[in-house]
Amino acid sequence: MRRILFSFSAAVAALPILIAGAALPENDAVVKGSAYIYSTLAVDGSYGSTSPGQNMDAILAIRAAGYDPSLDKLPGGVTPADYLEANAAAVPNAAAAGKAALAAEALGIDPANVGGTDLIAKITGGYDLDTNRYGADDFSHALGIIGLACTGTEVGPEPLDALLDTQIDDGGWGFGGAADPDTTALALQALVAAGIEADDPDLVEALDYLKDAQLDDGSWGYDGVGNANSTALVVQALLALGEDPETPAYTKGAANPISYLLSQQLPDGSFEGFDPLFAANQVVPALAGRTFCNMSETPITRVREQVTPTPITTVPVPPTVTQTVVPTTVVPAPPPTGTGTAAGTSRGLPLAMVAGAILLTAGGMSLALRRR
């Protein structure tokens with residue numbers, strides 16, 4: 001791919017387009033999805049997972065829904081801001097630091113000082129001068145770029161060239177020479193955030209790849225089977241490019257990406273996916289019309305009813321009454337006539353719990369690599 005000329009002013013000029021995005025109609029799905037994520041809040045300030053990456057996604061989703069995640073707190077617990085400050089020093093690489101930097105901004109925390117940890121320095125410290133990359137795979141590299149560009153830190157031309165150089169002939173990005181919608185969607189968000197115009201020929205090729213990869217139900221899938229996580233990432237990429245995912249260009253019969261995502265919401269507000277919480281973390285921002293780069297700029301327009309302790313009613317204990325107990329002879333029941341097996345009830349696990357591999361792992365590759 002061709003070399004690019006870059007200036008920080010170009011990135012700044014591109015931000016209004018990115019921030020504006022395509023306006024999506026308000027719907028209850030965002031509120032319900034956010035409420036589900038909030039319902040998983042633990043006293044340590046985490047949202048239903050021990051994975052720091054998923055917690056960063058949850059913080060971003062709460063903010064994208066118009067709530068202030070720094071206010072989420074259980075009785076006797078701490079807030080997600082406290083959780084981030086306690087865990088910032090342990091982020092393992094530039095990609096994880098990139099996502100954590102976005103979460104810090106969503107919480108109103110300076111990403112250069114999160115509990116004494118400079119997340120921006122963690123991103124830049126992970127830069128490989130030999131490869132000009134922030135991660136060995138394109139997904140991780142793109143997250144590093146996003147973490148810098150979307151927090152106002154200049155990204156030079158070399159990291160962008162390195163990402164463009166790995167674009168595959170069909171226009172997408174992926175692993176092992178095969179493109180996939182997830183990596184392509186994140187690469188597009190990174191390039192736009194860093195100042196590449198949406199009409200750039202390489203970005204147009206990538207958009208054409210996504211159009212060709214869309215499935216008949218309006219969705220996208222990493223392995224050719226549609227899922228909410230992949231579709232949400234692609235929707236964010238379309239928004240970053242200034243595309244409207246509900247136009248005829250992305251409509252298959254009566255379905256489009258937004259109608260597909262809405263169809264995946266479960267009664268409790270979560271979404272069908274590789275696990276319900278993981279899916280909700282990614283779908284809520286997409287339905288709210290937000291990209292990775294502008295979630296922290298979402299106006300806080302909603303106030304959640306905070307959880308309050310349940311009052312404990314003290315019931316008087318009656319005085320102890322001494323009684324004489326008369327032993328009773330127990331006669332064993334006769335054995336049942338006939339034999340048989342009691343029928344048990346079988347319930348399938350949520351679709352989601354099966355796909356353990358979609359969190360940001362490289363290699364041939366499950367999406368396990370990509371969710372840090």
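Biologist: Let's start with one residue: is Ala 64 buried or exposed?
Modeller: Keep in mind that this is a predicted model. Ala 64 sits in helix α3. Its relative accessible area is 5%, and the cut-off for buried is under 20%. So Ala 64 is buried.

Biologist: Which residues is Ala 64 in contact with, leaving aside its neighbours within four places in sequence?
Modeller: One hint is that Ala 64 and Leu 287 are 223 residues apart in sequence, yet their C-alpha atoms are 9.2 Å apart in space. With the neighbours within four places set aside, the contacts of Ala 64 are Pro 285, Ala 288, Arg 290, Met 295 and Thr 298.

Biologist: Okay, and how many residues apart along the chain are Thr 301 and Tyr 67?
Modeller: Look for Thr 301 in the segment after α13 (276-287). In space, its C-alpha atom is separated from that of Tyr 67 by 6.6 Å. Along the chain, the two are apart by 234 residues.

Biologist: Is Thr 301 buried or exposed?
Modeller: Exposed needs a relative accessible area over 50%. Thr 301 has 62%, so the word for Thr 301 is exposed.

Biologist: Stepping back, what share of the contacts with a separation of 6 or more comes from residues 24 or more positions apart?
Modeller: For the overall picture, the protein has 13 helices and 2 strands. Of its 372 residues, 52% count as buried. Among contacts with a separation of 6 or more, the share from residues 24 or more positions apart is 71%.

Biologist: How much of the accessible surface belongs to carbon and sulfur atoms?
Modeller: The accessible surface of the protein comes to about 16,800 Å². The part of that surface belonging to carbon and sulfur atoms is 58%.

Biologist: Now for helix α4: why do its buried residues line one face?
Modeller: Helix α4 covers residues 80-87, and its buried residues are Pro 80, Ala 81, Tyr 83 and Leu 84. Looking down the axis of α4, they line one face of the helix because they fall within an arc of 160°.

Biologist: Which helices do those buried residues of α4 pack against?
Modeller: Two partners turn up here. The buried residues of α4 pack against α3 (52-64) and α5 (94-106).

Biologist: Where does Ala 96 lie, and is it buried or exposed?
Modeller: Ala 96 is in helix α5. Its C-alpha atom is 9.1 Å from that of Met 56, though the two are 40 residues apart in sequence. Its relative accessibility is 11%, so Ala 96 counts as buried.

Biologist: At what angle do α5 and helix α7 pack?
Modeller: Helix α7 runs over residues 138-149, and its axis is 7 Å from that of α5. α5 passes α7 in a left-handed crossing. The packing angle of the two helices is about 35°.

Biologist: How many nonpolar, polar and charged residues are in the contact of α5 with α7?
Modeller: From α5 come Ala 94, Ala 95, Gly 98, Lys 99, Ala 101 and Leu 102. They meet Ser 140, Leu 143, Gly 144, Ile 146 and Gly 147 in α7. By class, that contact has 6 nonpolar, 4 polar and 1 charged.

Biologist: What is the phi of Asn 132?
Modeller: Asn 132 is in the loop between α6 (119-125) and α7. With a relative accessible area of 24%, Asn 132 is partly exposed. Asn 132 is not a glycine, but its phi is positive, at about 60°.

Biologist: Last one: what is the relative accessibility of Asn 229?
Modeller: Asn 229 belongs to helix α11, residues 228-240. The C-alpha atoms of Asn 229 and Phe 271 are separated by 9.2 Å, with their positions 42 residues apart along the chain. Asn 229 counts as buried, and its relative accessibility is 0%.

Definitions and conventions: Residues numbered from 1 in each chain as written. Predicted model: local features only at pLDDT ≥ 70, side-chain atom pairs only at ≥ 80, totals over all residues. Heavy atoms only, no water. Buried < 20%, exposed > 50% of the residue type's maximum accessible area, 1.4 Å probe, protein only. Helix = DSSP H or I, 4+ residues; strand = E, 2+ residues; numbered from the N terminus. Arc of directions from axis to C-beta. Contact = heavy atoms within 4.5 Å. Areas by Shrake-Rupley, 256 points an atom, 1.4 Å probe, with all protein chains shown as cover. Axes fitted to C-alpha atoms, helices over the stretch in contact; angles between N-to-C directions. Left-handed = near helix turned anticlockwise from the far one by under 90°. Nonpolar A, V, L, I, M, F, W, Y, C, P; charged D, E, K, R; others polar.
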